[in-house]
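Student: I've got a protein model open on my screen and no idea how to start reading it. Can you walk me through it?

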Amino acid sequence: MNAEFKTEHADLLSLDPFPAVQEKWKRGRAAFEAEGHAEYTGGHPLLEAYEEALDLGAYLMLAMNRNDVDRDLCERLMMETLNLIQGVQTAAKHIEK
């Protein structure tokens, strides 16, 4: 199998979206706990979500330039992602500092 299909969480593709999110969180927490972190140590969750959403957009831009994916579907996903980014930006602007 091609190395680009061996991502860390590719096995979660078989799950429905919310259980996949829950499992990814569980795996991440286990990895951090193994390093001795008992509690979440990242930035504000909305700011972390914003950065992840930007990554999603960047990956979709890459996907749109490939020949092995449905470009129309990628464009629709990009539009949804831009809406998501805008929503997270709006929510993050209201964080009490």
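Tutor: Let's go through the overall fold, then one helix, then some charged pairs. One thing to keep in mind is that this is a predicted model.

Student: OK, how many helices and strands does the protein chain have?

Tutor: Counting these elements is a good way to begin. Here the protein chain has 3 helices and 0 strands, and along the sequence the pattern reads α-α-α.

Student: Is the chain a compact globule or more spread out than that?

Tutor: For that, you compare the radius of gyration with what a rule for globules gives. For 97 residues the globule rule gives 13 Å, but the protein chain comes out at 16 Å, well over that, so it is more spread out than a compact globule. Along the principal axes, its C-alpha atoms fill a box of roughly 45 × 35 × 20 Å.

Student: And what share of the residues is buried?

Tutor: Buried residues are 15% of the 97 in the protein chain. The chain exposes about 8000 Å², and carbon and sulfur atoms supply 58% of that area. You can also ask about contacts along the sequence: of those with a separation of 6 or more, 39% are between residues 24 or more positions apart.

Student: Let's zoom in on a helix. How far does H3 reach from its first C-alpha to its last?

Tutor: A handy check is to compare a helix's reach with the span expected from its number of residues. H3 covers residues 71–93, which is 23 residues, and it reaches 33 Å, close to the 33 Å expected at 1.5 Å a residue.

Student: Which residues of H3 are buried?

Tutor: First, the general idea: an α-helix has 3.6 residues a turn, so residues three or four places apart point the same way. In H3, the buried ones are Cys-74, Met-78, Thr-81, Ile-85, Val-88 and Ala-92. Helix H2 (45–64) is among what covers them.

Student: What caps the N-terminal end of H3?

Tutor: Asp-70 does the job, with a side-chain oxygen 2.9 Å from the backbone nitrogen of Asp-72.

Student: Now the charged pairs. How many salt bridges are there?

Tutor: Side chains of opposite charge can pair when their charged atoms come close. In this model the count comes to 6 salt bridges. Take Arg-27 and Asp-11, whose closest N and O atoms are 2.5 Å apart. Arg-27 sits in helix H1 (residues 17–34) and Asp-11 in the segment before H1, so this pair ties together parts 16 residues apart in sequence.

Student: Which residues are linked with those two in a network of salt bridges?

Tutor: The network links Asp-11, Glu-23, Lys-26 and Arg-27. Glu-23 pairs with Arg-27, with closest N and O atoms 3.0 Å apart; both lie in H1, 4 residues apart, about one turn of the helix. Glu-23 also bridges to Lys-26, where the closest N and O atoms are 4.0 Å apart. Those two are 3 residues apart in H1, again about one turn.

Student: Is Lys-26 buried or exposed?

Tutor: Relative accessibility tells you, and over 50% means exposed. Lys-26 is at 55%, so it counts as exposed. Glu-23 is partly exposed at 24%, Arg-27 is partly exposed at 27%, and Asp-11 is partly exposed at 45%.

How values were computed. Residues numbered from 1 in each chain as written. Predicted model: local features only at pLDDT ≥ 70, side-chain atom pairs only at ≥ 80, totals over all residues. Heavy atoms only, no water. Expected span 1.5 Å × (residues − 1). Buried < 20%, exposed > 50% of the residue type's maximum accessible area, 1.4 Å probe, protein only. Contact = heavy atoms within 4.5 Å. Polar contact = N/O pair within 3.5 Å; in protein donor to acceptor, adjacent residues only side chain to side chain. Rg over C-alpha atoms; globule rule 2.2 N^0.38 Å. Areas by Shrake-Rupley, 256 points an atom, 1.4 Å probe, with all protein chains shown as cover. Salt bridge = Lys/Arg side-chain N within 4 Å of Asp/Glu carboxyl O.
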